[in-house]
Amino acid sequence: MLQEFKNHITSNLSFLLRGKVLVACSGGVDSIVLTRLCQELHMNIGVAHCNFGLRGDESNRDQKFVSELAEELDIPFLVKHFDTNTYAKNHGLSIQLAARELRYEWFEELAKLHSIDFILTGHHTDDNLETFLINLSRGTGIDGLTGIPEINDVFVRPLLPFTREQILNYATSNSIEWREDSSNSSTKYLRNKLRHEVIPQLKLVNPQFLQNFNKTLSHLNQSSDFISSQTFVIKKELFEVLENNTIRIPINRVRDFGNPRACLYYLLRDYGFRAWDDIEQIITAQSGKQIFSETHRLIKDRECLLLTELTAEVSDCSYTVPEEENIVMIPSGTLKFKEVTEMSQTDLTTVYVDKRKLKYPLIVRKWQEGDYFYPLGMKGKKKLSKYFKDEKLSLLAKERVWLLCSGKEIVWIINYRADNRYKITPQTEELLKITIHR
């Protein structure tokens, strides 16, 4: 196995020979063999051991065993004790999930603190199969069936091509000692039940089961890579980036791919969405329908979907503008106020008002239901909600509207339209130019 391991490292993971490496070592046969194989290849290694305090004296003997191994090999030894039960209780996790979170969080801290290039774990083919079967039993998609990644950021798993049997044979034939975790024999955990009861039967039915499983994984990974590359192409074709990094997705183009659910899954999975039934239904929902992930929001807006990142709530924010102030920063840009002697061309970013009609301090605020104004160039008043509907503003666009107000009256729907009550007339004596700069 040593020669096979050396060939694998040289051919596929040669960067490990040049970097600073830390082996996650529990004391079990997998991590002990991995440590000794790395030492045989003269890697620059140290070992890190997690003492989860779950098995009393047994946990402490595991720590002592790994410590003595590090001393024998003359390599650095790092250890940390965890109150796993308390962490699991406080975070509502199973003991297994709590231990996983704790160890990976610590490993990442070690990598930064000690300038570690790579952290190695002892996962092998049988672990990969167990993970595959667990995910399969939970109804996962193709991503859950591609197995444990060999390289994931700083984490590398050099033993993935090797079976548990190969590792055990190497350990026994080289008189390598290891620690046996007593909890591994319990079948109350799903992984152990698969390991001791299900997988042996699969191997019995087909002695080539693990080899065929690795071939299947290879096919699934190739399919996953192809889907990812095609998704990238489709995103470039479909995604239109608007202001504020809002992404517009035309629904008719999504339908063109024949399977809207699958298309939306691959387009949106990187944005944290999980409610795929709701997302499939949003394309036929009424405008304004929203779906949230932890980081993003998806909105139905007529014949398109709008994808936007969640931001801090600013609907209750307001800004006062004293008469002596000529520059005010607001979330949508910078407001500038300047007295002028004559009007020039106006646009959506520039208005002119009769300054003497203003009541200071002016107020900049978000629009509210029930707000109305007198549109410049029109007779009579109009509710903002009706104005927005006529202008075909999306829900997102409406949420980003700011108003410049004099008392309770609207002077300007910033970036949209001024109010008729403050327009320049032949009787105007003081002209105020107001602009918004992004």
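Which exposed residues does the face of α7 turned away from its buried side carry? In this predicted model, that face of helix α7 carries Glu165, Thr172 and Ser173. The opposite situation is found for Arg164, Ile167, Tyr170 and Ala171, which are the buried residues of α7, a helix that comprises residues 164-173. Seen down the axis of α7, these buried residues fall within an arc of 130°, so they line one face of the helix. As a general point, an α-helix has 3.6 residues a turn, so residues three or four places apart point the same way. The cover over the buried residues of α7 includes four other helices, namely α1 (2-12), α2 (29-40), α6 (125-137) and α8 (190-205). After α7 comes Ser175, a residue whose phi is positive, near 55°.

The protein as a whole contains 14 helices and 22 strands. Its radius of gyration is 32 Å, well over the 22 Å that the globule rule gives for 438 residues, and the protein is therefore more spread out than a compact globule. The C-alpha trace spans about 105 × 50 × 40 Å along the principal axes of the protein. Of the 438 residues, 42% are buried. Among the contacts with a separation of 6 or more, 65% are accounted for by residues that are 24 or more positions apart.

One of the sheets is open and has 6 strands, arranged in the order β3-β2-β1-β4-β6-β5 with mixed pairing. Its edge strands are β3 (77-81) and β5 (151-152), each of which pairs on one side only. In general, the strands of a sheet pair through backbone hydrogen bonds, either parallel or antiparallel. The parallel sense is found between β2 (residues 44-51) and β3, which pair over 5 bridges, and within this pairing Lys80 of β3 is the bridge partner of Cys50. Two helices lie across strands of this region. Helix α3 (residues 57-73) lies across β2 and β3 and runs at about 170° to β2, while helix α5 (residues 95-113) runs at about 145° to β2 and lies across β1 (20-24), β2, β3, β4 (118-120) and β6 (155-156).

The cysteines were also examined. A search of the whole structure finds 0 disulfides, and Cys50 is accordingly in no disulfide, the nearest cysteine sulfur being that of Cys25, 10 Å away. Cys50 has a relative accessibility of 13%, and because residues under 20% are classed as buried, Cys50 counts as buried. Cys405 likewise counts as buried, because its relative accessibility is 0%.

A second open sheet is formed by 5 strands in the order β12-β16-β19-β20-β21, and here the pairing is antiparallel. The edge strands of this sheet, each pairing on one side only, are β12 (318-321) and β21 (417-418). Within the sheet, β16 (residues 362-366) and β19 (residues 402-406) run antiparallel and are joined by 4 bridges, with Arg365 standing opposite Leu403 in β19.

Antiparallel pairing is also found between β13 (residues 327-330) and β14 (residues 333-340), which are joined by 4 bridges and form a hairpin with 2 residues between them. In this hairpin the bridge partner of Ile327 is Lys336 of β14. The side chains of β13 alternate along the strand, with Val328 and Ile330 pointing to one face, where they are buried, and Ile327 and Met329 pointing to the other, where they are not.

Two further helices illustrate how buried positions are surrounded. Thr125 lies in helix α6 and is buried, because its relative accessible area is 0%. When residues up to four places away in sequence are not counted, Thr125 touches Leu159, Leu160, Pro161, Phe162, Thr163, Leu210, Phe213 and Asn214. In helix α11 (residues 260-268), the buried residues are Cys263, Leu264, Tyr266, Leu267 and Leu268. These buried residues of α11 are covered by elements including the helices α9 (209-238), α10 (251-256) and α12 (276-282), together with the strands β8 (247-250), β10 (296-301) and β11 (304-309).

Conventions. Residues numbered from 1 in each chain as written. Predicted model: local features only at pLDDT ≥ 70, side-chain atom pairs only at ≥ 80, totals over all residues. Heavy atoms only, no water. Pairing = 2+ DSSP bridges. Contact = heavy atoms within 4.5 Å. Axes fitted to C-alpha atoms, helices over the stretch in contact; angles between N-to-C directions. Buried < 20%, exposed > 50% of the residue type's maximum accessible area, 1.4 Å probe, protein only. Arc of directions from axis to C-beta. Disulfide = S-S within 2.5 Å. Rg over C-alpha atoms; globule rule 2.2 N^0.38 Å.
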